[in-house]
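Got your viewer open and a selection tool ready? Here's a walk through one protein, stop by stop, starting with its empty space.

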Amino acid sequence: MNAVARTSTRDIARAAVRAELAQVAFGLFLREGFAKVTLDDLATAAGVSRSTFLRYFGTKEDAVLGAFDEHGRQVADALRARPAAEDDWTALRRALDLVLDRKRQDPASSLALTRLVQDTPALCSRQLEQQHGWRPLLAAALAEREDGDGEDAAGTAHVTVRHEVRAAAALDCLNVALDHWTASDGHLDLAALLDDAFAALTPN
């Protein structure tokens, strides 16, 4: 087995353990409440030592939101892949289908997770911080879609205020749609809610 194969196998194994630990943590948070559960509780529930748990998640918040760390990059990649003729706002909306698709895979768990985050100040704050890191990724993807108009002499896409504002507004639309979705106990269609949020900011 070469070094690349060993690394790939190790990464896959690590991701599987991380996902299992996150699932155990999520279940415990739902049963006991986020604030009441300690890192020691999480380690015990997962059948590992505290130090082992901390190798995968540095904080309780990470155990809940770590699964979303790559969302910003993935949505940015989806945005770059949208048709060049598509306007930025439409491209942003379609790129966010990636987030909706993840929630459709397990609606009940997604609803419970979203509600846990919304009802827990520490998680809500951490998620906003996480999304703040997504914004420059989306803004850069928007700049790259301009086919050279926003590039400097080195060929690097130049991110403008317009790109930043559109990226931030798209994430706000996502959060508002999620708020209404959880308030409806998942009965309203999340995609339709996100469409409505985007439409509210679409020039007449």
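Start inside: how many cavities of 30 Å³ or more does the count come to? The count comes to one. On a 1 Å grid over the protein atoms alone, a cavity is a set of points where a 1.4 Å probe fits but cannot get out, while a pocket is an open set with protein on both sides within 12 Å along at least five of seven lines; lining residues have an atom within 4 Å of a point. Grid points are joined across faces, edges and corners, and a volume is the space filled by probe spheres set on the points.

Before you click further, note that this is a predicted model, in which local features need pLDDT of at least 70 and side-chain atom pairs count only at pLDDT 80 or more, while totals for chains, interfaces and linings use all residues. Residues are numbered from 1 along each chain as its sequence is written, and side-chain values use heavy atoms, with hydrogens and water left out.

**Stop 1: the cavity**

Select G72, V75, L96, V99, W134, L138 and L171, and you've got the lining of the largest cavity. Its volume is about 30 Å³. Six of these lining residues are nonpolar, one is polar and none is charged. (Ala, Val, Leu, Ile, Met, Phe, Trp, Tyr, Cys and Pro count as nonpolar, Asp, Glu, Lys and Arg as charged, and the others, Gly among them, as polar.) Helix 5 (71-80) and helix 9 each supply at least two residues of this lining.

**Stop 2: the pocket**

Now for the largest pocket, with about 960 Å³ of space. Its lining has 35 residues; pick V64, A67, F68, K103 and L113 to find those nearest the centre. By class, the lining splits into 17 nonpolar, 11 polar and seven charged residues. Among the helices that each supply at least two lining residues are helix 1 (3-32), helix 8 (107-119) and helix 10 (161-183).

**Stop 3: zoom out**

Show the whole chain as a cartoon: there are 11 helices and zero strands. (Helices are DSSP runs of H or I with at least four residues, strands are runs of E with at least two, and both are numbered from the N terminus.) The C-alpha atoms fill a box of roughly 55 × 50 × 25 Å, taken along the principal axes.

**Stop 4: helix 5 against helix 6**

Color helix 5 and helix 6: their axes come within 9 Å and cross at roughly 130 degrees. That makes helix 5 oblique to helix 6. Axes are lines fitted to C-alpha atoms, for helices over the stretch in contact, and angles run from 0 to 180 degrees between N-to-C directions. Angles under 35 degrees count as roughly parallel, over 145 as roughly antiparallel, 65 to 115 as roughly perpendicular and the rest as oblique.

Which residues make the contact? Select V75, A78 and L79 of helix 5 with A91, L92 and A95 of helix 6. (Contact means heavy atoms within 4.5 Å.) The classes here are six nonpolar, no polar and no charged residues.

**Stop 5: helix 6 against helix 11**

Keep helix 6 (residues 88-95) and add helix 11 (residues 190-200), whose axes come within 11 Å and cross at roughly 160 degrees. That makes helix 6 roughly antiparallel to helix 11. Show W89, L92, R93 and R94 of helix 6 together with A191, L194, D195 and F198 of helix 11, and the contact appears. Five of its residues are nonpolar, none is polar and three are charged.

**Stop 6: helix 10 against helix 11**

Last, swap helix 6 for helix 10, which packs on helix 11 at an angle of about 135 degrees, with the axes 8 Å apart. That makes helix 10 oblique to helix 11. Select A170, C173, L174, A177, L178, H180 and W181 in helix 10, and you'll see them meet L190, L193, L194, A197 and F198 in helix 11. This contact has 11 nonpolar residues, one polar and no charged.
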